[in-house]
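Reader: Can you walk me through this model? I'd like the sheet, the helix and the empty spaces.
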Amino acid sequence: MALHQHEDLLIGKTILLYGRRYQKLAELLASDTERISPETQTKLVLLDPRDPWDFEEVYEGLLDFAIREEFDPIADDILLHLTTGTHVFQICAFLLAEARYIPAKLIQSSPPPNKSPINGRYSIIDLDLSRYDRLAHRFEDERSEATSILRGGVHTKNAAYGQMIDRMEKIAVSSTAPVLLLGPTGAGKSLLARRLYDLKKAKHQVEGAFVELNCATVRGEHALPMLFGQKRGWHGSTTERKGLLRAADKGILFLDEIEALGLDDQAMLLNALETGRFYPLGSDQWVESRFQLIGASSAELPALVSEGRFRADLYARLNLWTFQLPAISDRREDIEPNLDHELARAMREKGERIAFAADAKRAYLKFAKDPSSSWDGNFRDLSASATRLVTLAERGRITKSMVQAEIDGLNKLWSDTSADDDFTLVSDFVEDATEIDRFDIVQLAEVIRACRASKSQSEAGRKLFAASRKKKTSGNDADRLAKYLARYGLNFSMLS
């Protein structure tokens, strides 16, 4: 009633929600409103949940009311009075107002203090937070801090990467579903997984620990007890083993190179992920662990699924939120800020202040951003390079001669790595690979990779001889490929 007694608050219409047991009181209030404020029209609406403390029932009743009422916020200035009603009613009404089902500002009344007018005080709260500059700035600061955690404090100039980080930040604070990080070795999958955990921890989204495992380091019979734990006495063990899944309860389990898990391990992991329960080895009592899984891989998981080397059901479960991390060669505009970041890290570790000579930094960045610089190890190579430069710097300066030596070292590293990869691949299929010229090794390695990535000999031929086919200078692609492979005693079936 006090709301209708303020001279500076003119109310044209009051919708009064009431329960059946309070009908007489509602009618009395309507009558008093007409007497106190003749210009106010009062409408009584019955809202009578069986249990006014039942959240679902109250919310559903209010939502039905809001839809039926057909509010017009353009024509009317709508106020929602939250001072009365159960706490459940107040919460539900607030949520509906925030979601704009009830397009209203909040009005809150308070009893009069001593020696004040009988009608007390009121305040109006606009839920459009963008109108509150201080809150808007704080929101932007909080959001910037969140994305900074994911970026590692390095501002990216790459639009696609920035959009991926923004999307990841939204998902991190609102979802506990598995996340899959894909990308080449050294792209930062492990680091990003840790930062996702740090962000969720800062937002109070996780209570437990960050538990990580590179699945390629445990194989066969060692993987199951490592992940699921084991009971004392299992295969002669003298101690009980907790297992990483239990250690990750209420936290995050990060499995790098997840494709290295065996099919049985994958099946048990999927069941634990979906039910939150699993049996430690040798135990007939299940244990419970609710964790969020972050998987990472540099492999082509769909190809592994089609080959039967990775379970389709686990891949489907992981593939809800998938992020493809770009190689350093795909975001060369970010090399300079990442270099500065890595130099700062290396300086903190060394405990000295180191600076690039101007000509030295220009030379390094020219080399780093050049398309011919392959950065095979991605950001891992950049981090190692910065560490070497800081470690070898004398009198606090990185000189141009030091940079040139580092460039020569990186080029040799990438050349040797490429050569080793090609030779290793060829030697897996050709017994006397040492007898093949280096030029032919490179070409044959590329042909083998194309065959292994193709479902048929014809498909591999089309990939390898696409340019010739466009110029109409090649014959049957499959026959041409078969003849090439035969020179080395190979055929398509041996490689696929």
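Author: What follows covers a sheet, a cavity, a helix and two pockets. This is a predicted model, in which local features need pLDDT of at least 70, side-chain atom pairs count only at pLDDT 80 or more, and totals for chains, interfaces and linings use all residues. Residues are numbered from 1 along each chain as its sequence is written, and side-chain values use heavy atoms, with hydrogens and water left out.

Reader: Sheet first. What is the strand order in the open sheet of 3 strands?
Author: The order is E3-E4-E5, with mixed pairing. Strands (E, at least two residues) and helices (H or I, at least four) are DSSP runs numbered from the N terminus, and two strands pair if DSSP finds at least two bridges between them.

Reader: Which strands stand at the edges?
Author: Strand E3 (79–81) and strand E5 (121–125) do; each has a single partner strand, so one side of each is left without a neighbour in the sheet. The twist averages 30 degrees from one strand to the next, with axes fitted as lines to C-alpha atoms and angles running from 0 to 180 degrees between N-to-C directions.

Reader: And in what sense do E4 and E5 pair?
Author: Antiparallel, over 5 bridges, with E4 covering residues 105–110. As one example, Gln108 has Ser123 in E5 as its bridge partner.

Reader: Switching to holes. How many cavities of 30 Å³ or more turn up?
Author: The search of the whole structure finds 1, with a volume of about 60 Å³. On a 1 Å grid over the protein atoms alone, a cavity is a set of points where a 1.4 Å probe fits but cannot get out; a pocket is an open set with protein on both sides within 12 Å along at least five of seven lines, and lining residues have an atom within 4 Å of a point. Grid points are joined across faces, edges and corners, and a volume is the space filled by probe spheres set on the points.

Reader: Which elements supply at least two residues of the cavity lining?
Author: Helix H5 (159–172), helix H6 (189–202) and strand E11 (292–297). H5 gives the most, with 3 residues. By class the lining has 8 nonpolar, 1 polar and 1 charged residues, where Ala, Val, Leu, Ile, Met, Phe, Trp, Tyr, Cys and Pro count as nonpolar, Asp, Glu, Lys and Arg as charged, and the others, Gly among them, as polar.

Reader: Which residues of H6 are buried?
Author: Lys189, Leu192, Ala193, Arg195, Leu196, Tyr197, Leu199 and Lys200; buried means under 20% relative accessible area (1.4 Å probe, protein chains only). Of these, Leu196 and Lys200 also line the cavity. Just after H6, His204 takes a positive phi of about 60 degrees.

Reader: Now pockets. What is the volume of the largest one?
Author: About 1700 Å³. It has 48 lining residues, and the closest to its centre are Ile15, Leu16, Leu17, His81 and Thr84. E1 gives the most to this lining, with 6 residues. The lining divides into 28 nonpolar, 11 polar and 9 charged residues.

Reader: And how much space lies in the second largest pocket?
Author: About 1200 Å³. It is lined by 26 residues, with Ser298, Ala299, Glu300, Arg449 and Ala453 nearest its centre. H10 supplies the largest share, 5 residues. The classes here are 10 nonpolar, 8 polar and 8 charged.

Note on methods: Buried < 20%, exposed > 50% of the residue type's maximum accessible area, 1.4 Å probe, protein only.
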